Amino acid sequence: MAADALLPFDEALAKYEPVLGFEVHVELSTKTKMFSSAPNAFGGAPNTHVAPVDLGLPGSLPVVNEQAVRYSISLGLALGCSIAESSRFARKNYFYPDLAKNYQISQYDEPIAHDGEVEVELDDGTVFRVPIERAHMEEDAGKLTHVGGATGRIHGAEYSLVDYNRAGVPLVEIVTRPIFGAEDRAPELARAYVATIRDIVRSLGVSDARMERGNLRCDANVSLRPRGAEKLGIRTETKNVNSLRSVERAVRYEIQRQAAILDAGGTIIQETRHWHEDSGTTSPGRPKSDADDYRYFPEPDLLPIVPSKQLIAELRAALPESPAAFRRRLQAEYGFTESEFRDIINANLLVELEQTVAAGAAPAQARKWWLGEILRIANARGVEAGTLVSPFHVSELIALVESGRLTDRLAREVLEGVIAGEGSPDDVVKARGLAVVSDDSALLAAIDDALAAQPDVLDKIRDGKVQAAGAVIGAVMKSMKGRADAARVRELVLERAQG
Amino acid sequence: MDLTRLPASELAELLTSKEVSSVEATRASLDRIGEADGDLHAFLHVAGDAALRRASEIDQLRADGQELGPLAGVPIAIKDVLCTVDMPSTAGSRILEGWVPPYDATVVARLRTAGMVPLGKTNMDEFAMGSSTEHSAYGPTRNPWDLERIPGGSGGGSAAAVAAFEAPVALGSDTGGSIRQPAAVTGTVGMKPTYGGVSRYGAIALASSLDQVGPVSRTVLDSALVHDVIGGHDPHDSTSLDEAWPSFADAARAGAQGRDLSGTRIGVIRELNGAGFQAGVQTRFEEAIALLETAGAEIVEVSAPHFEYAIAAYYLILPAEASSNLAKYDSVRFGLRVVPDGGATVEQVMSATRGAGFGPEVKRRIILGTYALSAGYYDAYYGSAQKVRTLIQRDFAAAFEQADVLVTPSAPTTAFKLGDKLDDPLAMYLNDITTIPANLAGVPGLGLPVGLAPEDGLPVGIQLMAPAREDARLYRVGAGLEALLHESWGAPLLDRLPADFGRHRGAAPHLAPVPGPGTEPDGGTA
């Protein structure tokens, strides 16, 4: 396939106005699935987290997960939406092997939440308001693995395997209205919007929101219209964009690709497009038209969802503060400067930082570790820092340093072990034998060995050349393989000189 | 004493008093099946050994002094639309041939818990689509009153099995009359409960908003007893009503004992009376109404102006839901798989499987339903049908202002001949004209025999309908009417069932094969 022609971004923006739209699917972290009692758990041997409903077995019937409804209402409220007095499930009919019943139970004309707005903060602190059309409940499909083809796609595959563990996992699909006015910041807004949704669902605790696991999936709609035009352009829907960075890149790519086509007098094909992380390009999927006929009709196996006013009031009262308010509060509480704080936001580590502080660490220490060592490793590996280690473990690590059980150097080694999956910091300390030796007798023995090798040091110290202690401290640290507290060693050496 | 001739209520008494064992009763049923089913083909699967084992367990429990339910040890036949863990559950379709579900339908689990003994699975029109059981992929069931005639459908197997004394009671399912119309043409009793009164979990779905499982029996009391066992709230079915039901058996006993209907208003529906009904059906129906009047009932005429649109609405709603419910039969996870020669894509395998696995009536309805739900047609078809449904519900509400129970003939004609309507779907559909409104409105309907039509000597049934949740009222009035009829006849109607299944009626000693694919249009008889 020939590479797409791209117009330079600035030129594309000069000629065309980008209009965005997003469909974000959030997997809810309920214990069981949307319509069955099978566990809603990531992983597991294929087709083990399944009940008859998830396999679409004849005679099986769906039953709505009450917790999923509560989560959906909370999420709707957090998106500033109205909650429908009565909402209904509908069947979306289409044949696909990952869809056990060959229809998806979704919501169509009566979603549970509608008409909201989300404040999205851009990198420089500008706040952009994204209009939300609706948020509706639905079930996830299973997972297909295409075997035998070169690309891992269905085209060219010899056969396909299907795993229904994910089938029936509860989803909320959040649909925006068309977003105008983002202009040259459209790619940045795309990233910031998805990050905001991620922060909202995390703060609500309704989803693990891990993009690399597919807990949060974004389909990005992009269209261009010539400057001054009223009519919206033809849009594409880019799927499979599974990191914040990719969302930004994919939107930028589509703007440039569509601009090149329009500039050459061509027309955009309305279609889904696949995002390719490695090449940073999109490729055509299936043609999509507004006339796609899913033959929606009300799901006759389920009753309408009619939440009581009291339930909605309860859930509203229990809402955590919005990510924007959360940021304002933390900045004040932590006493960081504007630029220190923005570094954290831009690294998408505010939630991690807050959870680390909540677990007991000092804000400055938490910031140091997340923006320092952890971010460095994440960047080296090309992953999101938040996926490497839990805030709880970072807090534990900081506590070990504060208590003197670990030096910074040892702590970095422990962190490595935690990231490698060797357990909690405490587990790693024990397994690798990394704790600082706090037993003075062991330290004194090492000091005496070092002094025996450098007999003149004590005299130098007594003569006032205190820095001479450094040589002994270095030798002790070396002989104890770094597991000594340098300050304590120094104290003991000075005591020896006095004694 | 021929145990197979006893109603379940009487058999249960003998079992309780230990005069008869469940093994004896079960063996009697199995022997009768062995004797009769070659002619009738009411069963798709007979679980003889398992039934005898279960019967023996029940006998042991009783011998041990265990407290058992009123129907413990009574054999029962189960329509093949219901999932059973120990027997294939095919819904009469080739696409589910040999499929054994990993779970019991809730109604099956409940009758097992009640100690009832499943005899096997009964024949039906494929996926319950039909009024004659001729659309079964495994061949038709024949009517024990006349082997050349249909036993009704879709539950012809359950009705024929009960009418021919192969089983004292059976389970059926009723989407548009599949319990009541077979009951009418076989001289048996059948109840479609209030929608939500009996769990649909494990009932292979035809049209989810219309399907309802119910009992088939020879007496009203027997249906009530079975209804008591299978009914009530089921958390696995979201459309199941969460409420306490009265004892239906008590209602039936009270009705049979009192035989007094003073104060009960019986509504005759103007639009379902007279024109269009076979003369003998109309005669017996009017006689039954006269009998109700002598028992003190007040007879009123009510109007249900929108019932004339019921069939049209039903044949949009049902296919629409069915087209979606039947999409799961795609060969990927269970059931038949047909792979075209030389391998194929998943779409081609799905297509070949559905092409080979579904019969013509199923395909017809899937196509109708897919069309009715399509963008651009939805409002005109499915949407309009739902509006008609609402109007029919209002007709019922208005009628029930004037009457406590509504009555119609259960079916417009007596049993027609096999093959008569197979090539004329519209004529077949019209057979359910009286039963469909109750499904569209979710109200209960009870069918019971009111005699034999003078012109052909075949059974005629009456249908009683009550407001939703008033199932007990139907058992009370139905049992009262039944007692009056038995009194006037001197014996139950089924005592007149011809021992040779009506062979003497037919001119030809051999039955004509059913016209269909592979046979001549004239049936190919010699």
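Visitor: What is the order of the nine strands in the open sheet of chain A, and what makes the pairing mixed or uniform?

Guide: In this predicted model, the open sheet of chain A runs β2-β5-β6-β9-β1-β10-β11-β12-β13, and its pairing is mixed. At its edges lie β2 (82-83) and β13 (281-287) of chain A, each of which pairs on one side only.

Visitor: How do you know that strand β11 and strand β12 of chain A pair?

Guide: Two strands pair if there are at least two bridges between them, and four bridges join β11 (residues 236-241) of chain A to β12 (residues 271-276) of chain A, so the two strands count as paired. They run parallel, and Glu237(A) has Thr272(A) as its bridge partner in β12(A).

Visitor: What makes β7 and β8 of chain B a pair, and which helix joins them in a β-α-β unit?

Guide: Five bridges are found between β7 (residues 265-269) and β8 (residues 298-302) of chain B, in the parallel sense; since the cut-off is at least two, the strands therefore pair. One of the partnerships sets Ile269(B) against Val302(B) in β8(B). Helix α9 (residues 279-294) of chain B completes the unit with these strands, and the unit is right-handed.

Visitor: Why is Tyr381(B) called partly exposed?

Guide: Buried means under 20% relative accessible area and exposed means over 50%; the relative accessibility of Tyr381(B) is 31%, so this residue counts as partly exposed. Tyr381(B) is found in helix α13 (residues 379-402) of chain B, and together with Tyr371(B) and Tyr377(B) it forms a nonpolar surface patch with about 290 Å² of accessible area.

Conventions. Residues numbered from 1 in each chain as written. Chains lettered and ligands numbered in written order. Predicted model: local features only at pLDDT ≥ 70, side-chain atom pairs only at ≥ 80, totals over all residues. Heavy atoms only, no water. Right-handed = clockwise from strand over helix to strand, strands pointing away. Patch = residues over 30% accessible without salt bridge, like charges linked within 9 Å, V, L, I, M, F, W, Y side chains within 5 Å. Areas by Shrake-Rupley, 256 points an atom, 1.4 Å probe, with all protein chains shown as cover. Salt bridge = Lys/Arg side-chain N within 4 Å of Asp/Glu carboxyl O. Buried < 20%, exposed > 50% of the residue type's maximum accessible area, 1.4 Å probe, protein only.
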